[in-house]
Structure formats: C-alpha cells, structure tokens
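User: I would like a close look at one part of this structure. Please take one buried spot and work outward from there.

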Amino acid sequence: EAPVAALAGYLAEVGVPRVGDRCIEVGVVDGIQRVHAELRLQPVFAQDVEGPQDPQIEVVDAVGQALESQIQNAVQIQLGERMGLMLNDDFIVTQHLDIAMMQLRFELMQQGKLSFDAKDADLEKAVKDTQNRSLAELKADVTKQIKEALKDPQSRMQLLGQIIQKALVDAYAAKQNPTDEQLKRQFESWQIKRIFAKGDDATAQAILSKAEADLKAGRTFEATMDRYSNDAPEKGKKVSDTATPVQPSSLVSDPNLASLTDLKQGEVSKPVKVPGGMAIYKIASVKADVPKDFDKSKDAYRKNYASSQGQRQVIEEVEKARKATKIEWTNEAYKLAFEFTTLTRDGSAVSAHLGDYERIEAAAAKLKDDPAGARIAAYVRYLASNALNEASTPEQKAKRAANRVETIQNVLSNGMEGSMLRLELAEEYLLLKDGDGAAAAVLEAARVNTDLETRGQMAYSAINASLSKLK
C-alpha cells in the first residue's frame, strides 16, 4: 500500500484516484454526481512522514484532490456527451495515440535525434534507428496497449479523464473565427488596478456594492480604491498608486478572472472572486506589441487564439455544470474531507469562514464511531479544530481545550501517532489545569519519539521545553 508520505504525489503521478487497494469513483447520471469513496491506510507514525506538512494534512489533501479530480472529470465527460462528442473506445485510442506520438517526438528531440520542424519521414527514420522497428509497428503496439487497458472500467475512466479536457478545448476552439483585431489583442500588456474587499462573499459584496455606487455617482476609480480597498499600500504611497502588470492571455485559465479579457482600456469589471475575498478591476493602461511577422504567421496566431478561447469556454462551461449538478455522497467522511480541502484552497482567512469550519468540525466529531469513515473524519476534525484554534483568542482557546483533548485523542486512536501530537495534547491539559494529564502526555511523547534525525531532535527540544513548563 502507498505510504501516507507519498500518497498525494502518488495520486498526482499516476492520475488514478486509487488509494491503497480502494478506489474513489464518480459517476454522473441525470445530472446527479454519485460519489463513492473508500480508503485503506496502515497506521503510521507522524515522524515517519518527511516534509513540512503534518501527515493528517497529507492524507486529507490526497483524498480531497482525488475527489476533486474525479468530480471534475465526471462533469467534463457529461459536458462532452451533451456536446455530441463521440467518447467511444475509438475516440480514446485516437486521442491517446496522438499524445503518445507527441511525447515520442519530444523525447527524440531531447536526444538530438529529431529536429523541431521534422516531417513524418524524419520521425519514421528516427524510430527505425532508435528502436529497430517501423513507425507503423510502434503505433500498432501502442494501440494494442491502450485497447487492453480499456477493458478495465476503472482504467477506461482514467484514460478518458486524461483526454476529455483537451477534447472539449478542441471542440470549442473549432467554433472560433477571430478577427485580426482579436488576434492582435493577444500581444497586449496591461496595467490593472483593483478595489479589494476581504472577507466572505457576503461581507466583501457589501463593501463592493458601496464602491460600485460611488463609481456610478461619478467618483473616480482611484478615489474609490483609496476609500474602500483593503489592499495595503506601499510605504509612502496611496493604494491607488499601485498598478499590476499582466498579460491578458495569462488570465484565460482562471475561471474568476477570465472575464477581464473582454474589457478594454479604462473599463471596469463586475465584482469577481479572488483569494481572500472579492475585487473590482480596472484596465488602467494597455500597450500593444504586435510582432513583425503577424501577417505572415497569422494562421498560427489564429490557432493559438482559438485554443486559448476554447480553454476559457471549457472553464466557464464546466463551472456552470458544477453549479447545476447535485452531488450525492455515499460516505459522509469523504464529503467532509472534500469540503475542507475546497475551503482551504479558497485562500481566505479562517475568520472569513468560521461557520463552515465549525460545521465541519462538529459533523466530523459525530463520525468517530462510523466504521466506514472514522479515520478520515478524525483527521478532518483535527484539521478543522486547528484552523479554529489559530483564529481564537486565549480565552476562546481555554474554552475549546476539552474539545481539543477529545479531538487529538481521536486522531491518536486512529493510527496517527507522534510526539508532537502528544505535546499538543499536553498543552490542552495545561489549559484545563490538569497537571497529571499533561505530564502523562509529555512522557508518552518522549516514548514514541524514536527519530534520531533533525525532526526527532526538534521534538526532543520541544519535549524538554514542556518538561520545564511542568516543573
């Protein structure tokens, strides 16, 4: 089974939502995503995990990312079917064969066996020289491997998931017919300004509504920035003095900022979501730098533009489909893991989502005896508790101490042992003025700390500090 330390990297590397010998499966039927997730992990010691993150984060992130990937794939496949794409085995084979040939060209170029502008005849010769077989024989072998993999339903979903986004981008790109003016906009460089409102959606929207009212009443964007924006100004300057350089093409892949590419110089956006809150943008200045070979290479630029716009449309359409699709979970613990990782990726401060963290913590606590999800629920509860603790005052931390003791003990009983966890437990006992409990936790921390490397030495230092505090 995959070690916890390598779990996230393992999932990312192979692209399969497989954890140990279990799978995370997502299907879409009549607009409802049915998510079934199971996970098997061996008990591990916290100090066995290398890297800056706690093992609980590694596990929950891995599960959350795998679920996100599979849900995204399911929505994209559903979108492709609605568009009339023939997502059959022949389509999958053709797409993966094309990818394999592109990878082959790249590898041969890296080896110096093939030039950038090599023709098919050059590729044929390079394959013959390096592999002692014809290109046709190589393609037949790759095709056979793909067809064999398609016989397994899980592998088929994996193979389709790897190509569905490209297939959608190609389909939307084929509908593009850009003008010369649209093509030239690809080469613009912008300076943008923003009015940033931090907080949850409701708080940020309330601030930006006032800003929009001021703009409508005739106040300049810069004056409105100075009045409402929560961005910190540079030393000795006003907020409105700050402008950020950006290439419009870099915004296409961001579902929240892609709409900015429709704006022209001086125009102002509607409020959009950004990490930590929401913002209104203005295109402060535009500099055009059309290449000298524009007319000569127009077809290539048109192809790039179509692909870029196809990518943008896919992002927008998938986002719409996600919002319109109901998710039906068969495992509450994995739902909470997914919600937690989604929440942390938002980039907002914990204080902006206190209610969500409290809800996740409470829901995870109810699953402590659930045979299908107790372990993941324990990890999610612990991470949500950590987030809430970081946002708490000393008085609030003292009130949370009893709950924290139960939370940490729940993690320890679910196979996540470690000296630092034991020391956290000791701190909570001290807040409860339970000296015996704190002493027992510190002694247990010393017992389980068997690491003689840097991490273990850090733990020994922390143990000694805790012992001094107990004295």
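Analyst: Here is a walk from one residue to the core and then to a second core. Keep in mind that this is a predicted model.

Start with Asn414. This residue sits in the loop between helix H14 (394-412) and strand S10 (416-417). Is Asn414 buried or exposed? Its relative accessibility is 11%. Buried means under 20%, so Asn414 counts as buried.

Now look at what surrounds Asn414. A polar atom of the Asn414 side chain lies 2.8 Å from the backbone oxygen of Asn410. Beyond residues up to four places away in sequence, Asn414 touches Ala374, Arg375, Ala378 and Tyr379.

Tyr379 leads us onward. In the largest nonpolar core, Tyr379 is one of the residues with the most contacts inside it, along with Phe340, Ile376 and Val380. This core has 43 residues. Several helices each supply at least two of them, including H14, helix H11 (332-345) and helix H13 (374-390). Helix H2 (55-82) and helix H16 (435-448) are also among these suppliers. The largest share comes from H13, with ten residues.

Next, take Phe340. Leaving aside neighbours within four places in sequence, Phe340 is in contact with Val60, Tyr357 and Ile360 among others. Val380, Leu383 and Ala384 are on that list too.

Finally, step away from this core. Another core lies apart from it, with 32 residues. Among them are Val75, Leu79, Leu160 and Val314.

Technical notes. Residues are numbered from 1 along each chain as its sequence is written. This is a predicted model: local features need pLDDT of at least 70, side-chain atom pairs count only at pLDDT 80 or more; totals for chains, interfaces and linings use all residues. Side-chain values use heavy atoms; hydrogens and water are left out. Helices (H or I, at least four residues) and strands (E, at least two) are DSSP runs, numbered from the N terminus. Buried means under 20% relative accessible area, exposed over 50%, partly exposed in between (1.4 Å probe, protein chains only). A polar contact is a pair of N or O atoms within 3.5 Å; within protein, one must be able to donate a hydrogen and the other to accept it, and residues adjacent in sequence count only if both atoms are side-chain atoms. Contact means heavy atoms within 4.5 Å. A nonpolar core is a set of buried Ala, Val, Leu, Ile, Met, Phe, Trp, Tyr and Cys residues joined through side-chain atoms within 4.5 Å.
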